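Thanks for coming, everyone; I would like to walk you through one structure this morning, going from a few backbone details to strands and then to charges. Please have a look at it on the screen before I begin.

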Amino acid sequence: MEKKIMLGNEAFARGAFEAGVRVISSYPGTPSTEVTEAAAQYDEMHVEWAPNEKVGTEVAVGASIGGARALSCMKHVGLNVAADPFFTAAYTGVTGGLVVLVADDNGCHSSQNEQDSRYHGRGAGVPILEPANAQECKDFMKYAYELSEKYDTPVLMRSNTRISHSRGIVTVEDRKEKELIPYEKNIQKYVAMPAMAKKLHVIQEKRLNQIEEDSKDFPINRIELNDKKIGIITSGICYQYVKEALPQASVLKMGIINPLPKALIEEFAKQVEEVYVIEEGNPFFEEQIRAMGIPTKGKAMFTIQGEYSANMIREAFTGEAPEHVAPQEAPARPPLMCAGCPHRGLFYILGKLKKHVMGDIGCYTLGSLPPTSAMDACLCMGASITMAHGFEKARGKEAARDTVAVLGDSTFFHSGVTGLINMNYNQATGTVIILDNRITGMTGHQDNPSTGKNAKGQEAPAIDIAQLCKACGVEHIVEVDPFDLPAVEKAVKEETAREELSVIITKRPCALIVKQPDIPHLITDKCKNCKMCMGIGCPAIELENGKPVIAAERCVGCGLCKRVCPFDAIEEEVK
Ligand SMILES: Cc1ncc(C[n+]2csc(CCOP(=O)(O)OP(=O)(O)O)c2C)c(N)n1
């Protein structure tokens, strides 16, 4: 059998492939994105980017009803968007095996919160599996499909940044093709209306109780008995930290984390002197284990915020300071818009015009940082448009003259378009700015409904954003190049002054997909040190002896600095 070094996310994709999955529909979100990207490499599976997680999950449910094994992947906040189909699919159950994979972001590396998805799985009443390394990512995936079909339930596969983004050795096997399960109409099971749902809820509860009873024999849980003074109950990445920090301790490593394998927990607790629960995030295990009447220690020694580490656990148990500390803190590298980023021109103008900006989630969220500091709020995907609408309804039409909503192309399709429909329907007068950089930039360049390519890189129909806005009832739609600063300024001034709903679409591809002319610029003697060029926040411009200079190796030659210089002091470098 072949062994490969794989990212946790690649191993999840491999697991889906080997399990005979036929349909995958996901929305990108760090740290889950690479599962779908890696899955798209396998010709045997239909893999697609959906416009959002609700759509992706519903597509997977439809594929399952159609008799195929199916998967939908997302980041933790994506599960909020998918919660509607997810909670009810937990009642209806499945035909082909159905897995929803969610990757949490303990430590908020790339997210707006540290939401703990285990509560969604428990709330929905579905089994949750949590692997602890890349091999388990693959193996648990295959096991999840068996459980899903055996117990007639969707399974939540829970990962997080460290599991998804760590590499490990994985033994790969062949794909086992699964025949499509014959389709039979079954309205009692699949039409979730009140009369059916009441009965389905009873079935769901029974199935969960059955899983709990059977879980003591699931091969994905194991007790590792060592020194019996310390008994640790853990799962996922924390298992790895525990093994490194306290190799002598006894451990119950859970692979199924909802329902908890209670019989195993009781058996383990009887064998050790003291039970400790080590879990990142909320006291999800701890509260349930305490409710079983087992005294535990856990959150009192640790925290609900951020990530744990082997050092942190070692210190908590032994009081010893970490053995290996990095000699120096790495220099801080705050996130920045890339050199040549098309979003920069718009934020420069919005800052200049001192507009209130209801922001959204994407590369452009960085417009909130100095020097542009041109964002007032950012909540969740799609909320720019709806917050701007609420702001206008609270403060009156005059507020809409000073306020814009700003969001990207992928975010517009994800959940912005419904907000725009609402604005038109409820007679808003504000301005929405859609930053069309032809890609889903923030998560690493996934295609979306307007890019003309699908998840496999093949040609696909492209939706015209302006036409879509028009169909939503917006009469005033302007398209501008965000690097044409006078045109952007004119558009923002004119459209915000309007007493009707308007949309500005800034069109310029992401600097990382379209190569710029690449002629570095330099600042000549004409410079009067007014520092206007510093105001665009370009990572290629820095101060040297109090004067701005352009670092040639970072400059991509976009020329935006040249456009803001009032003294014509910036020129293309002549080679
Ligand atoms: C519900 C939800 N799903 C996924 C994400 C991850 N995510 C952050 S920004 C973003 C899309 C950004 O693309 P776009 O709107 O086109 O802006 P760009 O980054 O290209 O400027 C995604 C998918 C998220 N934060 N929330």
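Asp-568 is partly exposed, with a relative accessible area of 48%, and in this model, which I should say at once is a predicted one, the residue sits in the loop that runs between α21 (560–564) and β23 (570–572). What draws my attention to Asp-568 is its phi, which is near 55 degrees, a positive value in a residue other than glycine. As background, most residues other than glycine have a negative phi, and most peptide bonds are trans.

Arg-438 is another such case, with a phi near 65 degrees, again positive in a residue other than glycine. Arg-438 belongs to the loop between β17 (431–436) and α19, and with a relative accessible area of 29% it is partly exposed.

Staying with the backbone, let me turn to the peptide bonds. The bond from Thr-30 to Pro-31 is cis, with omega near 10 degrees, and Pro-31 is part of the loop between β2 and α2 (33–39). Pro-370 and Pro-371 are also joined by a cis peptide bond, where omega is about 5 degrees, and you will find Pro-371 in the loop between β15 (356–358) and α16 (383–395).

Now to the strands. Strand β2 (residues 23–26) pairs with β3 in the parallel sense over 4 bridges, and within that pairing Ile-24 stands opposite Val-47 in β3. Which side chains of strand β3 (residues 46–49) are buried, and which are not? The side chains alternate along the strand, so that Val-47 and Trp-49, which point to one face, are buried, given that buried means under 20% relative accessible area, while His-46 and Glu-48 point to the other face and are not buried.

Elsewhere there is an open sheet of 5 strands, with mixed pairing and the order β9-β11-β10-β13-β14. Its edge strands are β9 (222–224) and β14 (296–297), each of which pairs on one side only. Inside that order, strand β10 (residues 227–235) and strand β13 (residues 274–278) run parallel and are joined by 5 bridges, with Val-277 in β13 as the bridge partner of Ile-233.

Let me finish with charges. How many salt bridges are there? The count comes to 34 salt bridges, and I will pick out a few. Arg-175 forms one with Glu-177, their closest N and O atoms being 2.9 Å apart, and Arg-175 counts as buried at 13% relative accessibility. Lys-216 and Asp-217 meet through their side chains in a salt bridge at 3.9 Å, N to O; here Lys-216 is partly exposed, at 40% relative accessible area, and Asp-217 is exposed, at 59%.

In helix α20 (residues 485–497), Glu-494 and Lys-490 lie 4 residues apart, which is about one turn of the helix, and their side chains form a salt bridge of 3.4 Å, N to O. There is also a network, in which salt bridges that share partners join Asp-104, Asp-116, Arg-118, Glu-130, Arg-158 and Glu-279.

Finally, on the surface, Glu-398, Asp-402, Glu-475, Glu-499 and Glu-500 gather in a patch of negative charge. Of these, Glu-475 lies in the loop between α19 (465–471) and β18 (476–480), and Glu-475 is exposed, with a relative accessible area of 71%.

How values were computed
Residues numbered from 1 in each chain as written. Predicted model: local features only at pLDDT ≥ 70, side-chain atom pairs only at ≥ 80, totals over all residues. Heavy atoms only, no water. Patch = residues over 30% accessible without salt bridge, like charges linked within 9 Å, V, L, I, M, F, W, Y side chains within 5 Å. Areas by Shrake-Rupley, 256 points an atom, 1.4 Å probe, with all protein chains shown as cover. Salt bridge = Lys/Arg side-chain N within 4 Å of Asp/Glu carboxyl O. Lys, Arg positive; Asp, Glu negative; His and termini not counted. Charge placed at Lys NZ, Arg CZ, Asp CG, Glu CD. Helix = DSSP H or I, 4+ residues; strand = E, 2+ residues; numbered from the N terminus. Buried < 20%, exposed > 50% of the residue type's maximum accessible area, 1.4 Å probe, protein only. Pairing = 2+ DSSP bridges.
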